[in-house]
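The exercises below are to be worked through with the sequence and the 3D view open. Try each task before reading its solution.

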Amino acid sequence: HDRIGQKQIYASKAIKKGEELCISYIDARANRTERQELLDTWGFQCTCEVCGSLDSESDRRRARMRQLNPDKGDPASFKDPSS
């Protein structure tokens with residue numbers, strides 16, 4: 001589908017009519033600085049509660065999540081379930 005500028009996305013749960021779908025451009029387990037730098041490459045500046053906080057405990061939790069599941073949450077690791 002890349003030839004025609006389309007992507008095929010698979011849901012891991014049923015989607016209700018009108019439900020908003022969100023796609024992460026970044027690994028949500030990245031620390032605040034990494035997230036902001038990655039989002040900046042897409043032209044975004046996130047000001048959500050998590051990104052706006054200077055809470056270092058949040059970064060420690062995210063580092064631990066990345067350590068426990070190194071391949072989970074990284075958009076580069078998403079696989080096509082049909083392959």
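**Exercise 1.** Decide whether arginine 29 is buried, partly exposed or exposed.

Solution. Step 1: take the relative accessible area of arginine 29, which is 7%. Step 2: apply the classes: buried is under 20% relative accessible area, exposed is over 50%, and partly exposed is in between, with a 1.4 Å probe and protein chains only. Arginine 29 is therefore buried.

A note on the source: this is a predicted model, in which local features need pLDDT of at least 70, side-chain atom pairs count only at pLDDT 80 or more, and totals for chains, interfaces and linings use all residues. Residues are numbered from 1 along each chain as its sequence is written, and side-chain values use heavy atoms, with hydrogens and water left out.

**Exercise 2.** Place arginine 29 in the chain and find what its side chain reaches.

Solution. Step 1: the protein has three helices and zero strands, where helices (H or I, at least four residues) and strands (E, at least two) are DSSP runs numbered from the N terminus. Arginine 29 sits in the segment before helix 1 (32–41).
Step 2: a polar contact is a pair of N or O atoms within 3.5 Å; within protein, one must be able to donate a hydrogen and the other to accept it, and residues adjacent in sequence count only if both atoms are side-chain atoms. The side chains of arginine 29 and aspartate 27 make such a polar contact, at 2.6 Å.
Step 3: the backbone oxygen of asparagine 69 is reached by the side chain of arginine 29 at 2.4 Å.

**Exercise 3.** Describe asparagine 69 and proline 70 in relation to arginine 29.

Solution. Step 1: asparagine 69 belongs to the segment after helix 3 (56–68), and proline 70 lies in the segment after helix 3 too.
Step 2: asparagine 69 is 40 residues from arginine 29 in sequence, with 9.8 Å between them in space, C-alpha to C-alpha. For proline 70 and arginine 29, 41 residues apart along the chain, the C-alpha separation is 9.6 Å.
Step 3: asparagine 69 has 40% relative accessibility, so it counts as partly exposed. Proline 70 has a relative accessible area of 54% and is therefore exposed.

**Exercise 4.** Which class does serine 58 fall into, buried or exposed?

Solution. Step 1: serine 58 is part of helix 3. Step 2: its relative accessible area is 11%, so serine 58 is buried. Step 3: arginine 32 lies 26 residues from serine 58 in sequence and 8.5 Å from it in space, C-alpha to C-alpha.

**Exercise 5.** Describe the second largest pocket and its lining.

Solution. Step 1: on a 1 Å grid over the protein atoms alone, a pocket is an open set of points with protein on both sides within 12 Å along at least five of seven lines, and lining residues have an atom within 4 Å of a point. The second largest pocket holds about 190 Å³ of space.
Step 2: it is lined by 13 residues, and Ser24, Tyr25, Ile26, Leu39 and Cys46 are the closest to its centre. Helix 1 and helix 2 (49–52) are the elements that give two or more residues to this lining.
Step 3: the lining of the second largest pocket has ten nonpolar, one polar and two charged residues. Here Ala, Val, Leu, Ile, Met, Phe, Trp, Tyr, Cys and Pro count as nonpolar, Asp, Glu, Lys and Arg as charged, and the others, Gly among them, as polar.
Step 4: tyrosine 25 is in the segment before helix 1, and at 42% relative accessibility it counts as partly exposed.

Conventions. 1 Å grid on protein atoms, 1.4 Å probe; cavity = no way out; pocket = protein on both sides within 12 Å on 5 of 7 lines; lining within 4 Å. Points joined across faces, edges and corners; volume = space filled by probe spheres on them.
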